[in-house]
Amino acid sequence: MPEQTLFQPLTWSDLLVMAPELALGAWFVLLVVLELLLPRKASPSWIGGLTLTGLLGAFVLVLLRMIESHGEVISLLGDSYRIDDFASLLKLVFLAATALIVLLGLGTVQQDGVIADKGEYFYLLLPAVIGAMTMASSQNLVTLYIGLELLSITSYVLVGLRRKSSLSAEAAFKYVVTGGISSAFILFGMSYLYGVTGSVQLAGINAALPGALEQYEALVYAGFLMMIVGFAIKIAAAPFHAWSLDVYQGSPTPIAAFLAVVSKGAALAVVFRLMFATALFANSDRTAVSGVSDELFFIVLLVAAASMLYGTLAALRQLNVKRLLALSGVANAGYFLVPIGIAFTVGHLNNISEFLFYLIAYLLMTIGAFAVHTAVSRAAGHDEMKGYAGMYYRSPWTAIAMILFVLSLAGLPVSAGFFGKLFILLGAERAQAYWIVVIMVLSSVISYYFYFGLIRQMFMRSSNGLSPGADSLDFDAEEGYPSRTPGSPSPLALKEAEAGQIETAAAAEQASTEAAEPEAGASPSAPVSGLADGVIRIPWPTGIVIGVCALLTLGLGIMPGPLMELIQQVFSFPLPSH
Amino acid sequence: MSGLGQIPILSIILLSPLLGLAVIQLLPRQRASWLKIAAVAATMVPLALTLWLYADYDRQQGAASYSETYNWVQAPLKMNVGGDWFFSFQYEVGLDGLSLPLLLLTAIVTSTAALAAVHVKKRWKSFFSWFLLLEFGMIGAFIARDVFLFFIFFEITLVAMYFLIGVWGYYNRERAADRFLIYNGIGSAIMLIAFIMLVNTAGFHIVETAMNPQYIYSGSYADILRNLSDPGAYVNLPAESAGGNPFALGETKQWAIFILLLVAFGIKLPVFPFHSWMLKVHQEAPPAVVMIHSGILLKLGAYGLMRFGLFLFPDQAREWASVLAILGVINLLYGAILAFRQQEFKLVLAYSSISHMGIVLIGLAAFNEIGMQGALFQLISHGLISALLFLIVGSLYERTGTTELPQLGGLARSMPFISGVLLAAGLASLGLPGLSGFVGEFLSLLGLFESMRWVTAIAVIGIILTAVYVLRSVLKITFGQQREELSAIRDARFIEALPMVVLLACIVLLGCYPSVLTDTMQLSVGGYMDLLLATRAGG
């Protein structure tokens, strides 16, 4: 086996190829300095706006690179950094997602009294996204690990930005510890792989594995299993997901969205590349070693199945929306692992476009749902599902957008999520993995119950903001329906009145608990003003995020074809060569 | 050549409720009367167009005349075999003797239900928005000719119904809506698995073009049907042939798909062990919505069973004819016996629906032309009758505040018109000759009698039970002792009487002159029987 030299010098032309990452890095340094110079009061929105500009600039650079290279693969630094269309598409997705999250941050950060360092909130997203981009491009275990740590360490900081909130501190601490454990597993697994194959290059590992298997079969298994476990923690796949609930709950909502979309997406992309570039080593000549490959992919499928089932079942009784979205992220990690775990088979090589399409659908619906949640939780002053009560009256357009996100998350038409799941299902069926098809469909159906729980709150419950007198015939009074003639109250009216009283009681109880234990450090004026008029105020940046996500979710739900074609056209993921 | 063949009439019918939906969005939400008028007008458009279509339907030309196809999703696939690979889902709508009567039923029942929605007391704007979306979904499901298009329309009805039950229903509305969602969700999930298996095997075909051959996984119903009935298609070649054939649909898989479809549509129909959700819906949903649910959505289950279960897998269906017949008889008897025991009129009607859906299964199980016609006729007839009955339930509840049988009585004195219509609807439901219920029951049982005499003999007991429970509850409501507080109630207003008269007129028309319907159905049913009798691979 020819051993390549690991360290090749970086040339000027290489710098041009890596322009998006490098430019973002420079932009980050610039913003750090700039924050010191800007007056403290004005700086957050300026820094936010400049971060957004930087992200959009990088987006354009990646796009230009893609158009220029035209499907050609560029390898840098001794094939340790690889720019192919798989990586470029992922980078576009990460950059777009981060841009949406920055917009979301612009809509929320000013009102968040707990966050002291509002500038960091934005510019720290830059190194995080550089980490994610590096992960997408890495073709070498070392590069991969560097990208991973860059992303992880900055996210630890971002999660803990609400320093004075105990929930946030707890979240940050948990995230650091579990993140550290996961990195340890990954590194440990990598060291085994390096030990038995003598290479850190993915291609080198792939070439050396069949030989290594003869001597060190157990070590190969151990290495891959460690890495699968480590990455399963990163993508919050069951049974390694427990941290995600607390972390999502404790972190600022836009950051939770970042973890749910970019961190998860980047780790999934690495799993994708790792599994297909190294573990898929004996597919061309199905010799004895192919068993190992099949078993490794089967383990990925097992993790997928566990995530889907656990994520949906645990969410059934979850009333905190952020924790609910975290569990939804667990289930979705399972859906993402399906196109990875079914591997390439004779009749099915379509995994990448299934994966990417669902990633884009997931981006839209998850960021959309988190965006709605930022507005709702601010109006309500808490993260519970009750905060959505009567939202249809308070903010009908947002409620309608939320229906779209919920339908998409549940995989119901007409939404992007439906086609995302449909393509994955079609692929899994063609790969003859019927059991995973059944589990996927089953978990989708179970998930209807809790996703529709949000709809139940938004459309079928009275909101806390209504005046007490209106509660007995809550909906009717709202729209000016003349109340029943007093002489002949029908039993229905009585029953409704009863129901109304129960709801009022619940609302009062909730209000009293809120008054008793206000969320640590929350500025008292914000939630109260949201409650008083009942209308949920949507800041314009949040409005843009919700609008863009809703329109695209609907658009992809009606016309998924063009995006699918686009993904297929720019398709240059390397198949393992033999 | 018919005049309507020139314009995309089906798409216009399909989109007209959406147009109404858009108009409603522009109206102010407090103006109940404007919203109601707009909604009724919006349902009149598809009704008028469908009636025109029905009159115009060229019975000699059959399905071909109104087909519209548009390439909707053409997703390329990565494949290591040369040529272009695609998933191809079509926006394809079409008509045949099976769809057209159901389409007309949808239009009629939706219009009358829109009129019946005068009883809706709150949130009119969103009520009518979901209502029109529901109509869009139903029309789409009946005319869609692509499995995934069908699935999407089917799911649209699911979501719209969830809102209509959950927001505007009675006291336990949310629980009813949840149960509806979960049961039907499971049903449609099973259907989706079956469709995916179908598309990946039977949907596959190769189109030779000038450049590259195109390998297409198609969701088109016509492609699937053609491939399944063509012994030379990939789907019917053995799996081991020529280096492996991933498109083979062996005996086992065919059975698996057939049974999946049977369960999926059995939940919707509903077949006996899967019926509990629909009782809740009948009990809790507002009357206008139950009219649609009982009148059309249950028929969607039967339609799906016929279109995808029976038409695509006739051999399997014929082998399981006795199973279908027995399920039908169980439905018939179970529904009838439990209907007799109920004190709540809405539940009597719910069990009566189960019972009447049993007759549909019996007609399908006969596997001859008469039985098939009977089943279809029963679908239409029951759609009209149950819509009429729930229309009356809505008016009754509005006046008396209850639908419990012990609380009612002697209403014929204070509201003779409604009571008269109720009696007529009851008589139609129990199968009095001259009304539409008779024709459906008679044809179904006659068809089954040719193939399974003993089963038919048992089924006839159900007819007697039907008469008993219908008369028991109808007479209890109209005659007998009247409670004092009910003496002051008034008879139907014009706005209530109009839909009653329309529905009753349809019932009488079908009862006295059934060939209005049977002639249209003839073509499809006849064609299907030819298909059954023709030699098929493995058949």
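These legends go with a set of close-up views of a predicted model.

**View 1. Chain A as a whole, before zooming in.**
Chain A is mostly a story of helices here: its secondary structure comes to 23 helices and two strands. Of the 578 residues in chain A, 62% are buried. Take the contacts in chain A with a separation of 6 or more, and 78% of them join residues 24 or more positions apart. What chain A exposes adds up to about 20600 Å², and carbon and sulfur atoms supply 68% of that.

**View 2. A nonpolar patch on the surface of chain A.**
Five side chains to pick out here are Phe173(A), Val176(A), Val177(A), Ile181(A) and Phe185(A), which make a nonpolar surface patch of about 430 Å². Val176(A) is a handy landmark, and helix 8 of chain A, residues 166-197, is where to find it. Val176(A) counts as partly exposed because its relative accessibility is 39%, and the range for that class runs from 20% to 50%.

**View 3. A salt-bridge network in chain A.**
Start with Arg323(A) and Asp246(A), whose side chains meet in a salt bridge with an N to O distance of 2.9 Å. Arg323(A) belongs to helix 13 (residues 321-341) of chain A and Asp246(A) to helix 10 (residues 242-250), so the pair ties together parts that are 77 residues apart in sequence. Asp246(A) counts as buried because its relative accessibility is 18%, and the cut-off is under 20%. Now widen the view a little: Glu170(A), Lys174(A), Asp246(A) and Arg323(A) are linked in a network of salt bridges. Over all chains, the structure holds 15 salt bridges.

**View 4. Where chain A meets chain B.**
The size of an interface is often given as the accessible area lost when the parts come together. Here chain A and chain B bury about 5000 Å² between them, with 69% of it on carbon and sulfur atoms. Chain A brings 52 residues to the contact and chain B brings 51. On the polar side, two salt bridges cross the interface of chain A and chain B. One to look for has Glu174(B) and Arg461(A) as partners, their side chains meeting at 2.4 Å, N to O. Eleven residue pairs, with both residues at pLDDT 80 or more, are in polar contact across the interface of chain A and chain B. Several helices of chain A each supply at least two residues of the side that touches chain B, among them helix 16 (396-410), helix 17 (416-430) and helix 20 (491-516). Helix 18 of chain A gives the most to that side, with twelve residues.

**View 5. Helix 9 of chain B and its neighbours.**
Helix 9 of chain B covers residues 276-284, and its buried residues are Trp277(B), Met278(B), Leu279(B), Val281(B), His282(B) and Glu284(B). Follow those buried residues outwards and you'll find them packing against several helices of chain B, including helix 5 (147-168), helix 6 (173-201) and helix 8 (251-268). Helix 10 (287-310), helix 13 (345-365) and helix 14 (369-400) of chain B are also among the packing partners.

**View 6. Ser188(B) and what it touches.**
Ser188(B) sits in helix 6 of chain B. Ser188(B) counts as buried because its relative accessibility is 0%. Look for the polar contact between the side chains of Ser188(B) and Glu155(B), at 2.9 Å. Leaving out residues up to four places away in sequence, Ser188(B) touches Phe151(B), Phe154(B), Glu155(B) and Leu158(B).

**View 7. A salt bridge between two loops of chain B.**
Asp96(B) and Arg145(B) form a salt bridge, and their closest N and O atoms are 3.6 Å apart. Asp96(B) lies in the loop between strand 2 (84-93) and helix 3 (99-116) of chain B, and Arg145(B) in the loop between helix 4 (124-143) and helix 5, so the pair ties together parts that are 49 residues apart in sequence. Both Asp96(B) and Arg145(B) are buried.

**View 8. A salt bridge between helix 14 and helix 19 of chain B.**
Arg399(B) and Glu496(B) form a salt bridge here, with the closest N and O atoms 2.7 Å apart. This one links distant parts of the chain, as Arg399(B) is in helix 14 of chain B and Glu496(B) is in helix 19 (residues 494-512), 97 residues apart. Arg399(B) is buried, with a relative accessible area of 18%. Glu496(B) also counts as buried, at 3% relative accessibility.

Note on methods: Residues are numbered from 1 along each chain as its sequence is written. Chains are lettered from A and ligands numbered from 1 in the order in which they are written. This is a predicted model: local features need pLDDT of at least 70, side-chain atom pairs count only at pLDDT 80 or more; totals for chains, interfaces and linings use all residues. Side-chain values use heavy atoms; hydrogens and water are left out. Patches are made of residues with over 30% relative accessible area and no salt bridge: like charges are joined within 9 Å, nonpolar side chains (Val, Leu, Ile, Met, Phe, Trp, Tyr) within 5 Å. Accessible areas come from the Shrake-Rupley method with a 1.4 Å probe; for residues, only the protein chains shown count as cover. A salt bridge is a side-chain nitrogen of Lys or Arg within 4 Å of a carboxyl oxygen of Asp or Glu. Helices (H or I, at least four residues) and strands (E, at least two) are DSSP runs, numbered from the N terminus. Buried means under 20% relative accessible area, exposed over 50%, partly exposed in between (1.4 Å probe, protein chains only). Contact means heavy atoms within 4.5 Å. Buried area is the accessible area (1.4 Å probe) that two parts lose on being put together, summed over both. A polar contact is a pair of N or O atoms within 3.5 Å; within protein, one must be able to donate a hydrogen and the other to accept it, and residues adjacent in sequence count only if both atoms are side-chain atoms.
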